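Visitor: I have a model open and would like to talk through its side chains. Could you walk me through it?

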Amino acid sequence: MDAETLIRTARTEARLSVRELARRAGTSHSTLVAYEQGRKDPTVGTLNRILRAADVGVDVTLRPRVRRDPLTELDRGDELLEVLNLAEMFPARHDESLQMPVFGRRDVA
């Protein structure tokens, strides 16, 4: 989740106006609007201060970053989704019984 969504969600769930949250967080309402609209990115410290002013706590989980494939320009997870979507286009059709040759047997005429 990005900072703009975090701030907007925290503010609306706390039922605060932009001006009230800005006052509590010690910033201007125009700066808070810029954060909510994604025109500016708050520092981690500022984001933390704003969320605390809305009485919201944030848990952070670190995970390895998925690297972008330089050839396809897709993140690995997106690449997998593309493959799975392609596979869905080819429905699997199977016979009811498995047909296979019998190995090691020679028909003698």
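Guide: Happy to; what follows is a short round of questions and answers about this predicted model.

Visitor: Which residues of helix α1 are buried?

Guide: Helix α1 covers residues 3–13. A residue counts as buried under 20% relative accessible area, and Arg11, for one, is at 14%. The buried residues of α1 are Ile7, Ala10 and Arg11.

Visitor: Why are those buried residues on the same side of α1, and what arc do they cover?

Guide: Ile7, Ala10 and Arg11 are the buried residues of this helix. They sit on the same side of α1 because the arc they cover around the axis is only 95°.

Visitor: Which helices do the buried residues of α1 pack against?

Guide: The residues to look at are Ile7, Ala10 and Arg11. Their packing partners are α2 (18–25), α3 (29–36) and α4 (44–53).

Visitor: What is the partner of arginine 11 in a salt bridge, and is that partner buried or exposed?

Guide: Arginine 11 pairs with glutamate 36, with 2.6 Å between the closest N and O atoms. This pair links distant parts of the chain, since arginine 11 is in helix α1 and glutamate 36 in helix α3, 25 residues apart. The relative accessibility of glutamate 36 is 7%, and buried means under 20%. The partner is therefore glutamate 36, and it counts as buried.

Visitor: Which residues are linked in a network of salt bridges?

Guide: Arginine 23 bridges to glutamate 20, their closest N and O atoms being 2.6 Å apart. Glutamate 20 also meets arginine 24 in a salt bridge, at 3.1 Å from N to O. The network is thus made of Glu20, Arg23 and Arg24.

Visitor: Where in the chain do glutamate 20 and its two arginines lie, and how many residues apart are they?

Guide: In an α-helix there are 3.6 residues a turn, so places three or four apart point the same way. Arginine 23 and glutamate 20 fit that spacing in helix α2, at three residues. Glutamate 20 and arginine 24 also lie in helix α2, and their spacing is four residues.

Visitor: Is arginine 23 buried or exposed?

Guide: Exposed means over 50% relative accessible area. Arginine 23 has 57% relative accessibility, so it counts as exposed.

Visitor: Which residues make the nonpolar surface patch?

Guide: One of its members, leucine 80, is found in helix α5 (residues 76–88). The patch has an area of about 380 Å². It is made by Leu80, Leu81, Val83 and Leu84.

Terms used: Residues are numbered from 1 along each chain as its sequence is written. This is a predicted model: local features need pLDDT of at least 70, side-chain atom pairs count only at pLDDT 80 or more; totals for chains, interfaces and linings use all residues. Side-chain values use heavy atoms; hydrogens and water are left out. Buried means under 20% relative accessible area, exposed over 50%, partly exposed in between (1.4 Å probe, protein chains only). The arc is that of the directions from the helix axis to the C-beta atoms. Contact means heavy atoms within 4.5 Å. Patches are made of residues with over 30% relative accessible area and no salt bridge: like charges are joined within 9 Å, nonpolar side chains (Val, Leu, Ile, Met, Phe, Trp, Tyr) within 5 Å. Accessible areas come from the Shrake-Rupley method with a 1.4 Å probe; for residues, only the protein chains shown count as cover. A salt bridge is a side-chain nitrogen of Lys or Arg within 4 Å of a carboxyl oxygen of Asp or Glu.
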